[in-house]
Structure formats: structure tokens, C-alpha cells
Amino acid sequence: MIEYVSLREDSARLYFSSVEERDLFLRGMGRMEGVLGVEYKENTRTLLIRFKEGSFIHYLLENLKNKKPPKRMGKEDLHFYLQPFLKNPAVKLAFSVALLGWGAGLISFGVCSMLLLPYLKTKL
């Protein structure tokens, strides 16, 4: 697995999780068009590839960069968005405990539903 990619104008440094994976990548890369040279040491897991800009290997290495996965909705987000629609306090407590667990569910229910919201309703 390629763990790190450092891309410059005409070269890229790749870091592999093992030497065997580095060698497998070297064999697979073989005689790919656009590769000017490959540098590595026998006992290291890094590989320096020199290439022509605009070639297929440049495109491939450019798209290998780590990209952040899209942010997904978590349990806390779901709790935040659905909690205002629940009206019965027992249902709110059960929902909080089921979604967030005993500790966080009880604290969330106790602080928000029993203390914070009534205080805000009387002040606003």
C-alpha cells in the first residue's frame, strides 16, 4: 500500500509499507511511457520516480495523492438534527441513550432538555 506521495514538477517520492510492495510496484511500472528514471536503495521503502510532465505516469501519480474522504454524518449530527422533533421527555431520553450511549445520552438529556432549554425559553 502506498502510504505517502510527495509530488514535484518532474519527480515523485513514494513511501511503501514494505520493500516487497515497492518491488511489486517497480515490476508493474515496468517500461511505462514517460518514466525517465527510478532511484531507490535496496533496504529502504521509498522510491523516487523521475518522469516527463504530461505523461501517463504523471497523471497517475498526481491522482495518487491522499484526498480527504467526504465528511459523513455521524451519530452526534443525527442526534442534533432529530432531537428537536421529539416532544415527550421519555422518548427524548430513550433516543439520547440509544444513540449516544448511557453516559453521553444521560448528560445530553439532563443538560439540554432539563436545564438549558427551559432556561432559554423563559429568557427569550
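**Exercise 1. Sort the lining of the largest pocket by class.**

By class, this lining has 6 nonpolar, 5 polar and no charged residues. Here Ala, Val, Leu, Ile, Met, Phe, Trp, Tyr, Cys and Pro count as nonpolar, Asp, Glu, Lys and Arg as charged, and the others, Gly among them, as polar. The model is predicted: local features need pLDDT of at least 70, side-chain atom pairs count only at pLDDT 80 or more, and totals for chains, interfaces and linings use all residues. Residues are numbered from 1 along each chain as its sequence is written, and side-chain values use heavy atoms, without hydrogens and water.

**Exercise 2. Find the buried face of α1.**

Step 1. Locate α1 at 19–29. Helices (H or I, at least four residues) and strands (E, at least two) are DSSP runs, numbered from the N terminus.

Step 2. Pick out its buried residues: Arg22, Phe25, Leu26 and Met29. Buried means under 20% relative accessible area, exposed over 50%, and partly exposed in between (1.4 Å probe, protein chains only).

Step 3. Look down the axis of α1. The buried residues fall within an arc of 100°, so they line one face of the helix. The arc is that of the directions from the helix axis to the C-beta atoms.

Step 4. Check the face turned away. Glu20, Leu24, Arg27 and Gly28 are exposed there.

**Exercise 3. Which residues does Met29 contact, leaving aside neighbours within four places in sequence?**

Step 1. Apply the cut-off: contact means heavy atoms within 4.5 Å.

Step 2. List the partners: Val35, Val38, Ile49 and Ile57.

Step 3. Move past the helix. Gly30 follows α1 and has a positive phi, near 40°.
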